[in-house]
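Biologist: Could you take me through the nonpolar core of this one, slowly? I'd like to hear about the residues around it too.

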Amino acid sequence: MLIALAVLALLLLVGVGAVFADRSLSALAERRASEVLSQPFANPATVRVIGRPFVTQALRGRYREVHVAGGGLSIGEMTGATLDARLHTVYLPARDLLRHRVGEITCDRVAGHVVLPFGELARVAPIPGLELTLVGERLMASAALPIPGFSQLARVNGQAVWTVGNGGALWLRVRGISVAGISVPGIVLNQLLPALDVPVTLPELPWGLRIDDLRPTAEGLVVTGSADAPVFRSFPGGRPRQVDELWSQ
């Protein structure tokens with residue numbers, strides 16, 4: 001009986017130790033990965049290693065999935081964007097995991113989405129006085145334009161449709177337009193369409209993501225993208241100050 005209890009106690013200790021080691025290694029990997037993957041963000045990104053047990057993944061230096069999320073992104077002239085992504089089959093050798101600093105991380109594929117605030121999109125779009133508002137599931141646009149035959153600017157309204165143009169640029173088209181407070185013939189409305197059909201320059205997305213889909217939501221325009229075999233490198237001058245502060249707490 002005593003021997004059985006001793007064996008059971010030993011097994012429990014081994015189990016607890018394994019769980020503790022698993023959690024400790026997981027936290028270390030997330031910390032090391034954050035030092036590299038936080039580069040596009042204004043503040044340290046939230047990094048989570050998905051899947052258990054963790055120790056076997058760490059020993060192989062290959063992780064099934066890593067979730068990364070953060071805000072404060074700058075996309076060209078636009079600020080306040082967010083990024084939520086999942087990295088699949090991530091490579092971080094055990095020897096690099098135990099070092100003070102990781103030089104780079106690679107993975108087989110990354111897929112995620114960037115959310116661009118409507119206010120920032122309206123600001124950089126070449127349409128004067130553009131405003132974008134989500135009404136139900138429809139994104140509506142409003143702009144101040146000169147109307148042929150009228151002596152002053154008028155507010156033009158319609159549905160905003162975002163598409164991906166050549167070279168990955170965004171293209172904004174406003175359809176079903178009307179002029180607030182003024183009855184305007186259809187032939188005049190058609191003359192306004194070229195001014196409401198414009199490209200919006202979108203610099204390269206973080207991590208080389210290619211645009212796969214666009215979808216308006218309450219948070220902003222969701223740009224879904226993916227990339228194959230990206231390489232994530234650490235900051236040229238070391239970790240950003242915010243990351244150092246985060247891990248020193």
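Modeller: Here is a walk through the core, followed by a few residues worth a look. Bear in mind that this is a predicted model, where local features need pLDDT of at least 70, side-chain atom pairs count only at pLDDT 80 or more, and totals for chains, interfaces and linings use all residues. Residues are numbered from 1 along each chain as its sequence is written, and side-chain values use heavy atoms, with hydrogens and water left out.

The largest nonpolar core (buried Ala, Val, Leu, Ile, Met, Phe, Trp, Tyr and Cys residues joined through side-chain atoms within 4.5 Å) has 66 residues. Those with the most contacts inside it include Tyr 63, Leu 87 and Trp 207. Strand β3 (residues 78-91) gives this core its largest share, 6 residues; strands (E, at least two residues) and helices (H or I, at least four) are DSSP runs, numbered from the N terminus.

Take Trp 207: setting aside neighbours within four places in sequence, its contacts (heavy atoms within 4.5 Å) include Leu 83, Ala 85, Leu 87, Ala 227, Pro 230 and Phe 232.

Tyr 63 also turns up among the residues touched by Gln 57, along with Ile 50 and Arg 62, not counting residues up to four places away. Gln 57 sits in helix α2 (residues 54-60) and counts as buried because its relative accessibility is 0%; buried is under 20% relative accessible area, exposed over 50%, partly exposed in between (1.4 Å probe, protein chains only).

Back in strand β3, there's Thr 89, a non-glycine with a positive phi of about 55 degrees. At 23% relative accessibility, Thr 89 is partly exposed.
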